[in-house]
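This report describes a single protein chain for a reader working from its coordinates. Please consult the sequence and structure shown here while reading.

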Amino acid sequence: MRRSNGFTLLELLIAMSLMGIVLVMVYGGLRFGMRSWESGEQHAVRLNDIQLAQDFIRRQLRQSVSVFRNDQQEGRRVIVFDGDTQSLGIVTPMLEYLGQGGLYVMRIDRVEAEGVGHLRLRWHPYRPNEEDEREKEAQETIILDDVSRIEWAYYGFEQDAQEPSWFDRWDNDQQRPLLVRLSWAMQDQVWPDLLVPLTD
């Protein structure tokens with residue numbers, strides 16, 4: 001009788017060990033690929049959120065208008081524009097889904113909640129003689145999350161100045177700045193400045 005050919009126990013153990021190593025390597029590569037995919041997808045979503053926020057701020061600034069109110073203390077008309085390094089207030093038409101049409105006072109600033117910084121938008125209808133009451137009724141929403149720092153700057157003329165300059169606070173109550181710049185950082189990563197001209 002002829003002896004039948006087959007695998008020895010040692011050969012089977014070696015084959016199974018090699019197969020296990022190959023499967024571990026394949027699983028590790030697959031897991032790494034999935035993590036890279038998720039990371040790339042999250043990065044793409046983040047970039048899209050930043051782009052949407054920039055587009056919104058740029059559009060609202062470009063559409064903003066110069067309007068005046070009567071200042072009873074000063075006894076004259078002053079422009080409705082309020083800007084310092086941490087907050088900007090303008091009068092602008094609001095997006096249809098956020099408002100009912102007409103002009104709105106819009107303010108963009110940074111707030112913190114549970115240790116996380118957010119870029120916040122507050123708005124209410126513009127009524128020159130009811131500004132204090134309208135401020136109490138302001139609505140708000142978050143434009144962008146994880147904002148670690150913002151800094152507004154303004155380029156224009158001081159009152160009676162001959163040359164425009166950059167300022168970290170806008171004190172000219174008769175005209176708006178020529179340019180507005182927003183410097184910001186998300187999760188301590190600095191992003192390019194947003195520079196927007198103001199036109200009337």
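The report covers the overall architecture, the salt bridges, the aromatic contacts and a surface patch.

**Overall architecture**

The model is predicted. Its chain contains 2 helices and 11 strands, arranged along the sequence in the pattern α-β-β-β-β-β-β-α-β-β-β-β-β. Of the 200 residues, 32% count as buried. The exposed area of the chain is about 13700 Å², and carbon and sulfur atoms contribute 52% of it. Where contacts join residues at least 6 apart in sequence, 49% of them connect residues at least 24 apart.

**Salt bridges**

Side chains of opposite charge can pair when their charged atoms come close. The structure holds 10 salt bridges, and the table lists some of them.

| Basic residue | Acidic residue | N to O distance |
|---|---|---|
| Arg58 | Asp55 | 3.2 Å |
| Arg122 | Glu140 | 3.5 Å |
| Arg169 | Asp171 | 3.3 Å |

The bridge between Arg58 and Asp55 lies within helix 1, where a spacing of 3 residues separates the partners by about one helical turn. Arg58 is partly exposed, at 21% relative accessible area, and Asp55 is likewise classed as partly exposed, at 27%.

The side chains of Arg169 and Asp171 also meet in a salt bridge. Arg169 has a relative accessible area of 44% and is therefore partly exposed. Asp171 reaches 57%, so this residue counts as exposed.

Which residues are joined into one network by salt bridges that share partners? They are Asp109, Arg120, Arg122 and Glu140. Within this group, the salt bridge between Arg122 and Glu140 has its closest N and O atoms 3.5 Å apart. This pair links distant parts of the chain, with Arg122 in strand 6 and Glu140 in strand 7 (residues 139–145), 18 residues apart. Arg122 has a relative accessibility of 18%, so the residue counts as buried. Glu140, at 46%, counts as partly exposed.

Arg120 is also located in strand 6, which spans residues 116–125. Is Arg120 buried or exposed? Its relative accessibility is 17%, so Arg120 counts as buried; the cut-off for this class is under 20%. Apart from neighbours within four places in sequence, Arg120 contacts Arg107, Ile108, Asp109, Val111, Glu140, Thr141, Ile142 and Ile143. Two residues in that contact list, Asp109 and Glu140, also belong to the salt-bridge network.

**Aromatic pairs and charges over rings**

A search of the whole structure finds 3 aromatic pairs. One of them joins Phe81 and Tyr154 in an edge-to-face arrangement, with 6.0 Å between the centres and 85° between the planes. Phe81 lies in the loop between strand 2 (76–79) and strand 3 (82–83), and Tyr154 lies in strand 8 (residues 147–156), so the pair ties together parts that are 73 residues apart in sequence. Both Phe81 and Tyr154 are buried.

Another aromatic pair is formed by Tyr155 and Trp166; this pair is tilted, at 5.2 Å centre to centre and 50° between the planes. Tyr155 belongs to strand 8 and Trp166 to strand 9 (residues 165–167), and the pair links these distant parts of the chain, 11 residues apart. Tyr155 is classed as partly exposed because its relative accessibility is 23%. Trp166 is also classed as partly exposed, at 36%.

Trp166 has a further partner: the charged end of Arg181 sits over its ring, 4.3 Å from the centre. Elsewhere, Arg77 lies over the face of Phe68, at 4.5 Å from the ring centre.

**Nonpolar surface patch**

Leu10, Ile14, Leu18, Ile21 and Met25 form a nonpolar patch on the surface. Together these residues have about 540 Å² of accessible area. Ile21, one of the members, is found in helix 1, which covers residues 9–63. The relative accessible area of Ile21 is 47%, so this residue is partly exposed. Helix 1 therefore carries Ile21 of the patch as well as the salt-bridged residues Arg58 and Asp55.

Conventions:
Residues are numbered from 1 along each chain as its sequence is written. This is a predicted model: local features need pLDDT of at least 70, side-chain atom pairs count only at pLDDT 80 or more; totals for chains, interfaces and linings use all residues. Side-chain values use heavy atoms; hydrogens and water are left out. Helices (H or I, at least four residues) and strands (E, at least two) are DSSP runs, numbered from the N terminus. Buried means under 20% relative accessible area, exposed over 50%, partly exposed in between (1.4 Å probe, protein chains only). Contact means heavy atoms within 4.5 Å. Patches are made of residues with over 30% relative accessible area and no salt bridge: like charges are joined within 9 Å, nonpolar side chains (Val, Leu, Ile, Met, Phe, Trp, Tyr) within 5 Å. Accessible areas come from the Shrake-Rupley method with a 1.4 Å probe; for residues, only the protein chains shown count as cover. A salt bridge is a side-chain nitrogen of Lys or Arg within 4 Å of a carboxyl oxygen of Asp or Glu. Rings of Phe, Tyr and Trp (its six-membered ring) pair if their centres lie within 6.5 Å; planes under 30 degrees apart count as stacked, over 60 as edge-to-face and the rest as tilted. A charge sits over a ring if NZ of Lys or CZ of Arg is within 6 Å of the ring centre and within 35 degrees of the ring normal.
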